[in-house]
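Student: I have a structure open and would like to learn how to read it. Can we go through it feature by feature?

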Amino acid sequence: MKNLYLIAYLDLKESIRAKWFLVYSLVFGGLIALFFIAGVTESQVMGFSGLSRLLLMYIQITIVILPIFILITTVRSISGDRDSHILEYMLSFPISLKQYYWGKIIGRFITVYLPVVFAMIIAVIYGAFKGAAIPWDIFFLYTGLLFAMSATFLGIAFFISSFVKSSEVALGIAFFIWIFLLAFIDIALISLMMQERFSEGLIITIALLNPMEIFRVAAISLFDPQLTVMGPVAYYILDSVSQTMFVLLAIGYPLVLGMGFAYLGYKIFEKKDLV
Amino acid sequence: MIQISHVTKKFGQNISLDNVSCEFKKNESIALMGANGAGKTTLIRSILGYYHPDAGEVLINGLNPVKNRVDVLSHISFVPQLPPPIKLSIDELIQYVCVSADVDKELVKHYANEMKLDINANLSKSFFKLSGGMKQKLLIAISLAKKSDIIIYDEPTANLDPKARDDFYRLLKQNEQEKVLLFVTHRLEEVKDLVNRQIYMDMGKIVSDERF
């Protein structure tokens with residue numbers, strides 16, 4: 001276990017010093033700051049107001065940009081080390097592949113998860129300081145959703161990283177996955193529905209398989225499920241599944257998906273040539 | 001100590017190791033030579049357990065380096081030809097080495113001092129920001145502090161000035177007993193005083209193997 005913690009600790013320290021981490025933290029911290037400066041907490045649009053509105057806006061933007069941030073910064077984790085011969089040297093020490101791989105995942109998970117949660121915590125503290133009511137139910141839901149989302153895309157990124165030899169190819173695949181999943185949130189699904197070529201059941205299944213769509217619907221599900229801003233597919237989903245069930249699904253399924261991809265990545269890492 | 005039996009390793013259509021067999025025993029210092037692409041690095045990486053051979057077997061002290069990598073690698077020190085751009089600080093890199101391989105930190109500092117590398121003044125510096133020579137000196141110090149039975153050096157003196165080379169050879173002389181020393185080199189004259197066996201590889205095969 002000491003080697004697992006060692007790898008996680010050193011990866012965390014290395015990541016925190018990296019420029020991408022600074023940009024990453026600034027983007028999410030900056031988003032919150034921007035919302036406060038723009039007076040989002042004082043506005044009331046479509047029934048949302050105060051901190052609820054701010055958190056909702058934050059999560060909606062985060063759902064789109066967090067996956068690509070995680071994919072781009074993580075996908076090169078192992079393939080980049082392989083490219084630059086770092087892996088060749090670091091793995092010449094008696095560390096099991098299991099400890100190396102999972103240690104890297106733990107370290108990287110903390111790195112990508114903490115800034116997005118800290119940004120929310122700062123928002124809540126600042127909001128409370130300004131006298132706004134704190135929507136704890138939304139805060140805890142979003143903390144769980146961000147946890148699950150980070151795990152999903154981290155798992156996918158490590159999976160790609162484990163079999164791709166060059167980090168440029170890894171980046172390309174990561175970008176493609178992001179665009180693909182992004183396309184299959186409501187925008188593309190609406191056009192499928194309008195064409196009436198596929199049954200509603202199939203479209204809802206496609207939506208439910210897409211972690212980004214699940215996060216999007218779950219993020220908004222604590223509000224009125226009749227809201228038009230949700231989009232037709234989200235409306236259908238919340239109409240057919242109970243809210244609690246959906247929230248559990250929205251956290252559980254992506255977590256299992258992320259762990260599954262991470263495990264597959266580990267198996268490939270273990271079976272293939274290391275360098 | 002190292003037994004390589006009929007090992008073949010292919011990368012696509014390219015045969016990098018072609019039915020290679022050899023054995024390295026205690027107290028042998030071997031110069032592994034050959035042109036670029038001869039299969040030297042593939043052979044070393046197979047010994048380190050990085051590659052899964054397509055045929056044949058590599059055994060280190062009777063253990064398969066792929067299946068028993070932790071046991072096998074606790075007996076091996078390795079210094080690559082070019083120090084990799086590790087972004088850890090020197091202190092963190094030493095921590096990695098000391099915790100993972102149970103190496104004494106003071107011993108790393110001792111060998112670094114012997115290589116005329118002042119570690120204490122550079123502890124917080126990123127490894128990749130050191131000069132090529134300093135990086136190589138630190139990796140050599142780590143390899144010696146690890147007290148391994150098998151030491152593998154891939155062109156270890158490529159970045160070293162003549163004085164540092166002398167320090168390196170002196171330290172190796174002091175530490176070569178009861179070990180297997182494997183040097184990948186293009187310049188036999190540099191390690192001639194250290195080695196007692198010379199292997200020449202070409203096209204993935206061992207074409208000559210001389211002891212002296």
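Student: Let's start with burial: what percentage of the 212 residues in chain B is buried?

Tutor: Buried residues make up 47% of chain B. Here a residue is buried if 20 or more other C-beta atoms lie within 10 Å of its own, exposed if 12 or fewer, and partly exposed in between, with C-beta atoms placed from the backbone. In chain A, buried residues make up 45% of the 275 residues. Keep in mind that this is a predicted model: local features need pLDDT of at least 70, side-chain atom pairs count only at pLDDT 80 or more, and totals for chains, interfaces and linings use all residues. Residues are numbered from 1 along each chain as its sequence is written, while chains are lettered from A and ligands numbered from 1 in the order in which they are written.

Student: Which helices and strands does each chain have?

Tutor: Helices (H or I, at least four residues) and strands (E, at least two) are DSSP runs, numbered from the N terminus. Chain B has seven helices and nine strands, and chain A has 13 helices and two strands.

Student: How does helix H7 of chain A fit its expected span?

Tutor: The expected span is 1.5 Å times one less than the number of residues. H7(A), residues 136-163, has 28 residues and should span 40 Å; its end C-alpha atoms are 41 Å apart, which agrees. Of those 28 residues, 20 are buried, so H7(A) is largely enclosed by the rest of the structure.

Student: Why look for a nonpolar core?

Tutor: In soluble globular proteins, nonpolar side chains tend to be buried together. A core here is a set of buried Ala, Val, Leu, Ile, Met, Phe, Trp, Tyr and Cys residues joined through C-beta atoms within 7 Å. The largest one has 143 residues, and those with the most contacts inside it include A:Leu145, A:Ala157 and B:Phe183. H7(A) gives the most to this core, 15 residues.

Student: Leaving aside neighbours within four places in sequence, which residues does A:Ala157 contact?

Tutor: Contact means C-beta atoms, placed from the backbone, within 7 Å. On that basis A:Ala157 touches A:Ile70, A:Leu71, A:Thr74, A:Val75 and A:Ala174.

Student: And how many residues does each chain bring to the contact between A and B?

Tutor: Chain A brings 19 residues and chain B 24. On the chain A side, helices H1 (2-17) and H5 (86-90) are the elements giving two or more residues, and H1(A) supplies the largest share, six residues.

Note on methods:
Two residues are in contact if their C-beta atoms, placed from the backbone, lie within 7 Å.
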